[in-house]
Amino acid sequence: MNLLSLQQFAAHKDGTYVALNLSEESKALLDNFVEMNLGLTERVDPSTYHITVIYSRTPVPSAENYKEKHKLPATAMVSGYEIFPTKNDGLCLVMRLVCPYATELNSQLGKQGATSDYPEYKPHMTIAYDMTQKVDHESLPIPQFQLVFDEIYVAPLDPLFVPANK
């Protein structure tokens, strides 16, 4: 191991986080859709819209290489909604996405040692975190436009991170 890879491994000692960040144009488009169509009283700040590719408690410092070797933009379509549990026993509303690039990247990073707390990778974007509002996620309208992701974000895992609300 060279000095750079030792430094990267030390920086990622708690694990590695990789995400695809939504383009500014898609953030604005999706924020407008959410505001006009979903009737949510609470939601995440749209500036934080992203797809988590890995949230690995095992360090994967090689993920840093993807920031420069990427095939972006990547696109996705919303396929539906789901309610996920949060870290603090709450609920969050997510948009389930069909994003072949995120799925492939998740698979590649898994081969490099990334782990997950979940048995299956489900590409998604969090819309509301720690919701108190009751939402029938199966009846919500699905956006019919493509979402564009234009940045790969890689960072050491922050196990205390919680999404900001709008």
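Q: Given that two strands count as paired when DSSP finds at least two bridges between them, how do you know that β1 and β6 pair in this predicted model?
A: The requirement is at least two bridges, and β1 and β6 are joined in the antiparallel sense over seven bridges, so the pair meets the definition; N21, for one, has E151 in β6 as its bridge partner.

Q: In what order do the six strands of the open sheet lie?
A: The order is β2-β1-β6-β3-β4-β5, with antiparallel pairing, and the twist from one strand to the next averages 30°.

Q: What makes β2 and β5 edge strands?
A: Each of them, β2 (50-56) and β5, pairs on one side only, where pairing again requires at least two bridges.

Q: How do you know that α2 reaches the span expected of a helix?
A: The expected span is 1.5 Å times one less than the number of residues; helix α2 (residues 24-37), with 14 residues, reaches 20 Å from its first C-alpha to its last, close to the 20 Å expected.

Q: Why can the buried residues of α2 be said to lie on the same side?
A: Buried means under 20% relative accessible area, and the residues of α2 that qualify are S26, K27, L30, D31, F33 and V34; because they cover an arc of only 160° around the axis, they fall on the same side of α2. Their cover includes β1 (16-22), β3 (74-85), β4 (91-98), β5 (124-128) and β6 (147-156), whereas the face turned away from the buried side carries the exposed residues E24, E25, A28 and M36.

Notes:
Residues numbered from 1 in each chain as written. Predicted model: local features only at pLDDT ≥ 70, side-chain atom pairs only at ≥ 80, totals over all residues. Heavy atoms only, no water. Helix = DSSP H or I, 4+ residues; strand = E, 2+ residues; numbered from the N terminus. Buried < 20%, exposed > 50% of the residue type's maximum accessible area, 1.4 Å probe, protein only. Arc of directions from axis to C-beta. Contact = heavy atoms within 4.5 Å. Axes fitted to C-alpha atoms, helices over the stretch in contact; angles between N-to-C directions.
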